[in-house]
Amino acid sequence: MPTKMLQIPTTDGQADAFAAFPDGGGRHPGVLMYADAFGIRPVLREMARELAGHGYYVLVPNFFYRHGPAPLIELPAHIGEEVRPAVVAQVMPLIEAHTAERVLSDADAYLRFLTTQPEVGAGPVAVTGYCIGGLLAMRTAAAHPGQVAAVAAFHGPVGADGPESFSKLTAQVHLGHAETDLTPEALGELNQALDAAGVDYTSEIYPGTVHGFTMSDTDAFSPAGLQLHWDRLLPLLGRTLANG
């Protein structure tokens, strides 16, 4: 699986990024993948490679690039509960500095870069994201309704911008929530807002999961949750992108 480290030109500098794509040449549908707050690291590279193996060009930007290249903080090989609070305390200021204006400006740059790569075919793209990356994915899809055909967010605070944020979504949407992130009542309210906005979506709580369940380098990891994530993500991309 070919991979590369890239520099994406943005209005505020250069965002370092990781890309994975199928072997054997040709052009492939593009997927912009937003990491969780812990950023680009081995587990994210592995997920990008796995997705690329299904026929996609996957671009994972370091969205905290204004503070330096990834990794911005020293991460243990396994982010266990004993170290998680200290790691979260280090990334919180970065999250707080990543304003909606920055998110949208960067999204323009990331999509422009993704769609002009020689390995990426013409046509719409997909955006996927994890944790805070799920919110970034939703904002990106809403800001680029003609270009983003699918958006998927996993254990992400997707309702953080309020129900009106869904009104510009034209992409097909899948939301995979952790049991600890959303009560069934809150899920009902979220889905009601998506219905009211006319969004084509699936939105569900993944059984037995806690926040961060897709990430195999954390105590939150759920193998069943990660598998369900692939079982939902791959058909969504297959339906919406001209694969190959």
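## Helices H1 and H6

In this predicted model, the axes of H1 and H6 come within 12 Å of each other and cross at roughly 40 degrees. Axes here are lines fitted to C-alpha atoms, for helices over the stretch in contact, with angles running from 0 to 180 degrees between N-to-C directions. The crossing angle makes H1 oblique to H6; angles under 35 degrees count as roughly parallel, over 145 as roughly antiparallel, 65 to 115 as roughly perpendicular and the rest as oblique. The crossing of H1 and H6 is right-handed, a term for a near helix turned clockwise from the far one by less than a right angle, while anticlockwise would be left-handed.

If you want to find the interface on screen, look for Met47, Glu50 and Leu51 on the H1 side. They meet Leu226, His229, Trp230, Leu233, Leu234 and Leu237 of H6, where contact means heavy atoms within 4.5 Å. Helices (H or I, at least four residues) and strands (E, at least two) are DSSP runs, numbered from the N terminus.

## Helices H3 and H4

Next comes the pair formed by helix H3 (residues 100–115) and helix H4 (residues 132–143), whose axes come within 10 Å and cross at roughly 70 degrees. H3 and H4 are therefore roughly perpendicular to each other, and their crossing is right-handed. From H3, Ala100, Val103, Leu104, Ala107 and Leu111 meet Leu136, Arg139, Thr140 and Ala143 in H4.

## The nonpolar core

The largest nonpolar core has 85 residues. Such a core is a set of buried Ala, Val, Leu, Ile, Met, Phe, Trp, Tyr and Cys residues joined through side-chain atoms within 4.5 Å. Tyr34, Leu51, Val58, Leu59 and Leu237 have the most contacts inside this core. Two of these names will be familiar from the helix pair above: Leu51 in H1 and Leu237 in H6.

Valine 58 is a nice place to zoom in. Setting aside residues up to four places away in sequence, valine 58 touches Phe18, Ala19, Ala20, Val31, Met33, Ala48, Leu51 and Ala52.

## Salt bridges

The structure holds seven salt bridges, each being a side-chain nitrogen of Lys or Arg within 4 Å of a carboxyl oxygen of Asp or Glu. One of them joins aspartate 217 to arginine 41, at 2.6 Å from N to O. This pair links distant parts of the chain, 176 residues apart: aspartate 217 sits in the loop between strand E8 (201–206) and helix H6 (223–240), and arginine 41 in the loop between strand E3 (30–34) and helix H1 (42–52). Both partners are buried; buried means under 20% relative accessible area, exposed over 50%, and partly exposed in between (1.4 Å probe, protein chains only). For aspartate 217 the relative accessible area is 10%, and its contacts, leaving aside neighbours within four places in sequence, are Arg41, Val43, Ala77, His78 and Ile79.

Arginine 66 and aspartate 12 meet in another salt bridge (2.9 Å, N to O). Here the partners are 54 residues apart, with arginine 66 in the loop between strand E4 (57–61) and helix H2 (84–97) and aspartate 12 in the loop between strand E1 (3–10) and strand E2 (13–20). Arginine 66 is partly exposed at 23%, and aspartate 12 is partly exposed at 48%. Asp12, Arg66 and Asp106 are linked in a network of salt bridges.

## Reading the values

Residues are numbered from 1 along each chain as its sequence is written, and side-chain values use heavy atoms, with hydrogens and water left out. As this is a predicted model, local features need pLDDT of at least 70 and side-chain atom pairs count only at pLDDT 80 or more, while totals for chains, interfaces and linings use all residues.
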